[in-house]
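Trainee: I am new to this structure and would like to go through it step by step. Please begin with any term that has to be clear beforehand.

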Amino acid sequence: MTEVHGSRSNMFCERAVLGNEASVEQFFVNRLISALDYADSQVRPKESLDELMVNQGRSRKRYRPDYALEVDGTVRWVIEAKAVSESLEPFVGQAASYCHQLNASHHDGNPVTHFLMTNGLMTELYEWDRQDPILRLSFTDFDESNPKWKQLKETLSPDSLSSRRWAVQPSLFESSLIIKQASISEINAAFAWCHKLIYRRENYSYSAAFMEFVKVVFLKLLSDKAVHSNSKAVFAGDGTIEIPASEVKFSLSWIERMEEDSPNPVADIRFRNLVRDLEEEIRQHKKKRIFGPDEILDLSPETIKGVVGKLEKIDLYSMDSDLNGRLFETFLNATLRGKDLGQFFTPRSVVKLATRLADLKVSREHVDTVIDACCGTGGFLIESLSDMWGKVDSNHAISPTEKSRIRDEIATEHIFGIDVAKEPALARIARINMYLHGDGGSRVYQVDALDKRFHSHAAESQEARSEKDEFKRIAAKQAFDVALTNPPFAKEYARKTDAERQILEQYELAYQTTGRRRTPVARLKSSMMFIERYHDLLKPGGRLVTVIDDSILGGDREERVRSFIREKFIVVAVVSLPGDAFQRSQARVKTSIVVLQKKNFPEEEQRPVFMYYCTRVGIDEVARQRVLPIDELNRKAAEEETEKVATLYQAFLSGDSAASDWIVPADAISERMDVKACLPSAGRNVERWKREGHRVAEVRELLRPAFLDPEDASALSSERSEDVILAADSDEMVTLLRVRYDGTPEAGETIAASDSTYDTLYRVRAGDIVISHINAVHGAIAVIPEQLDGLVATKEYTVCRPRVGYHPFLIWQMLRTPEARADLLLSSTGMGRTRVDWNIVSKLQLPVPSEEVSKATVDAIQKARDLEQQARELYQSAGTSLGTALNLDNQEARALLAAFKPPR
């Protein structure tokens, strides 16, 4: 091969000559065919080939490839060529379908073994019955010494194909199938691939593609379930299963055998039989609807083969326990993330912790009945089922026969789910989940749980009305022992529409009561409504375990909701979750898990409360699809924390002193109920510091505000009046100060002072300590260096000067320590962003270091600052030297950048 500037030619042609399809055929494909040692008589061009009806997505069209290559008078493989600008993927299906049609015309074998797709720059080789390429070559791979070229030639040369006589070949499929367990990342990747295939080839919307995928995966799970109970299956120690391919219905082998009866056997035979069987169970009132009575699997044969080929060797039925019950959520996360589906996701570790806190009871005499009235795809239902089954299995006092009876009773009579969503129909997905994990899908209802009256509508089917009526009768009994749930955070009901107004009118919380006056509120969050709704559904003494927005627990505007909780429930536990616990669902909200017990009688007294603050639970599930090594560490940390919290909670319930550090008295929740306000307190280490001999001082003894009057925080000091800029009266150009989380100050935007949204700006000077009101708890506290002298700060910062005897570096370092920032966080009152102004900072208590420690700290920081300055100067010097030596820094270049750089 001739190399021109690295990769501009290969053994056939120059890259530059390739453009439209005709040039690819002339300069690349024709020379490729010759290099593979085919004679002209063996090459059949497009015009000599028969047009056949092939599948393209969900439609059919007449099609023939660009070339067919013969060996011994029979077509053995075909070529489809495209222009260099065209993607190959959209055309794979029609080439595969053409090969399938050719082979179908031969009753003594499958002579067409491969098809080749190329646009000159990328070439892909496929086996005729597969949707993934077995070989992929770039433009430069076509080199006599390249192993990929050698492999291609060895596969497709006439001599090679002639030696593999198709008439006597064994089946292209294996006589046995190996099915293996997969990791979460492998499942994610496979699901994403399947979605891409369905979405691109079938021209479906995201939601419609998801529902078609659900149908295929339901068939896959049923097939895997049958494999696990098949006597011919051989189970290896690593979880691998080997089984005769003829025994597996979800396989390309099965499709090949059944294609004599149907061109699309998975859709026409397997799915139709499934719908028929489910309809019979619905008729007998054994199951709720999963698919419509006339529903079809609306995917082309090629797409189905692609999905089957991708999933047939993955064992979905025996998924790792952390993935169990999360199949469809995993697919949603892999494919629909960012499409307003965040409400469907509860991190797995949060589900596990909430279920442990629910303390579900199972015995011969009693089995708790559990409900999730916004169940989504069934995560809490599956975890409840798993937890209760585990307790049955570990009870050695129960006989195997009794265990089997109780397990069946739990699955069919004691797990209830409700979800109102229709696009996608999450209740039906939850039914699939329960159906496949113990046949409990008959207790999942597609109704609006917040509608206490269960209004029916004229357009509803009789089946939907019956479903509503059935749950209405159940709800009226107040039969539930436990509600285990994560209501949507953001959804609101408003009085603007008749339907929502009718629902709001059913709720006590939808009215503001002042004295004897009862005023309707304009809107109400559904998460608040669910608290009242679960109170209706629970037995007296029943337990509500719910994820809750911390604003309900501590916000001023939600005091009346807390009053309702105190009136109707005993608060048993509040467990704070990390702020990033719901990052996968893109919900920027601080949450907790609360355990509430419905009062047995109105006068029942509040008891001490178990409280805990988690740091790991929930952060084990991230928004990105790609799995990183840190994810496994986070998962294990979340598991360990879940176990710790659950153990302490059990100790609390049993009166064990091991939980004493995590208990607050009943009166601690008389105002706020959030853990931050009730359990930890600022200054918790002050006495310890004093015992260790340290002098403890408030920050105002170390710092003073540069602009505020210490005697009147609302008034300005006259000391630096020349540095105060009244923005409305000034046309001065000023540069705003920014402070990063790492404590580094930097220049921000330059504006006219009069354009500022703030009335007053403050000019900072070298040596000032600047404290961000919004982000101080994240470390946004800075010492102003000489080079930033003169920048301006807004009123979102407090500008300070150290008092005599204290170096600004020392105070800066003290304020940015975890202990100081934790105390600032605890002293703040905000429920979202935690604001800390001078009033809070000034009262912060810290130990004052000795002169020796102070000097060592200041010297170390000064040395670091000097080294940073040296580094900046070296960077600048290196750039200047290079620019001067090679003319890389010139006026013309700077002018071009100034003229055409894109806006910020």
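Mentor: Two strands count as paired if DSSP finds at least two bridges between them. Keep in mind that this is a predicted model.

Trainee: In strand 7, which residue is the bridge partner of Met 117?

Mentor: Strand 6 and strand 7 are joined by five bridges and run in the antiparallel sense. Across this pairing, the partner of Met 117 in strand 7 is Glu 124.

Trainee: Which residue in the turn between strand 6 and strand 7 has a positive phi?

Mentor: The two strands form a hairpin, with three residues between them. In that turn, a positive phi of about 90 degrees belongs to Gly 120.

Trainee: In strand 8, what is the bridge partner of Glu 124?

Mentor: Strand 7 also pairs with strand 8, in an antiparallel arrangement with four bridges. Glu 124, the partner of Met 117 on the strand 6 side, is matched in strand 8 by Arg 136.

Trainee: What is the order of the strands in the open sheet of six strands?

Mentor: The pairing in this sheet is mixed. Strand 4 (residues 67-71) and strand 5 (residues 74-81), for instance, are antiparallel over five bridges, and Leu 69 has Trp 77 of strand 5 as its bridge partner. The full order is 1-4-5-6-7-8.

Trainee: Why is one side of strand 1 and of strand 8 left without a neighbour in the sheet?

Mentor: Strand 1 (43-45) and strand 8 (135-138) stand at the edges. One side of each has no neighbour because each has a single partner strand.

Trainee: How many degrees does the twist average from one strand to the next?

Mentor: The value is an average over steps from one strand to the next in the sheet of six strands, whose order is 1-4-5-6-7-8. That average is 20 degrees.

Trainee: At about what angle to strand 8 does helix 3 run?

Mentor: Two helices can be placed against this sheet. Helix 2 (residues 92-104) lies across strand 5, strand 6 and strand 7, at about 155 degrees to strand 6. Helix 3 (residues 147-156) lies across strand 5, strand 6, strand 7 and strand 8, and its angle to strand 8 is about 130 degrees.

Trainee: Which helix lies across strand 9, strand 10 and strand 11?

Mentor: These strands make an open sheet of three, with antiparallel pairing and the order 9-11-10. Strand 9 (176-179) and strand 10 (234-235) are at its edges, each with a single partner, so one side of each lacks a neighbour in the sheet. Strand 10 and strand 11 are joined by two bridges, with Phe 235 partnered by Ile 241. The element lying across the three strands, at about 95 degrees to strand 11, is helix 6 (residues 206-228).

Trainee: Are helix 17 and helix 19 roughly parallel or roughly antiparallel to each other?

Mentor: The axes of helix 17 (residues 526-537) and helix 19 (residues 559-568) come within 11 Å and cross at roughly 15 degrees. Angles under 35 degrees count as roughly parallel. The two helices are therefore roughly parallel.

Trainee: How do the residues of the contact of helix 17 with helix 19 divide?

Mentor: Helix 17 contributes Met 528, Ile 531, Glu 532 and His 535, which meet Val 561, Phe 564, Ile 565 and Lys 568 of helix 19. By class, they divide into five nonpolar, one polar and two charged.

Trainee: Is the crossing of helix 11 and helix 12 left-handed or right-handed?

Mentor: Helix 11 (residues 348-358) and helix 12 (residues 379-393) pack with their axes 10 Å apart, at an angle of about 50 degrees. That angle makes helix 11 oblique to helix 12. Their crossing is right-handed.

Trainee: In strand 31, what is the bridge partner of Arg 738?

Mentor: Strand 30 (residues 733-739) and strand 31 (residues 745-752) run antiparallel and are joined by six bridges. Their hairpin has five residues between the strands, and Gly 743 takes a positive phi near 85 degrees. Arg 738 is partnered in strand 31 by Glu 746.

Note on methods: Residues are numbered from 1 along each chain as its sequence is written. This is a predicted model: local features need pLDDT of at least 70, side-chain atom pairs count only at pLDDT 80 or more; totals for chains, interfaces and linings use all residues. Side-chain values use heavy atoms; hydrogens and water are left out. Axes are lines fitted to C-alpha atoms, for helices over the stretch in contact, and angles run from 0 to 180 degrees between N-to-C directions. Contact means heavy atoms within 4.5 Å. Angles under 35 degrees count as roughly parallel, over 145 as roughly antiparallel, 65 to 115 as roughly perpendicular and the rest as oblique. Ala, Val, Leu, Ile, Met, Phe, Trp, Tyr, Cys and Pro count as nonpolar, Asp, Glu, Lys and Arg as charged, and the others, Gly among them, as polar. A crossing is left-handed if the near helix is turned anticlockwise from the far one by less than a right angle, and right-handed if clockwise.
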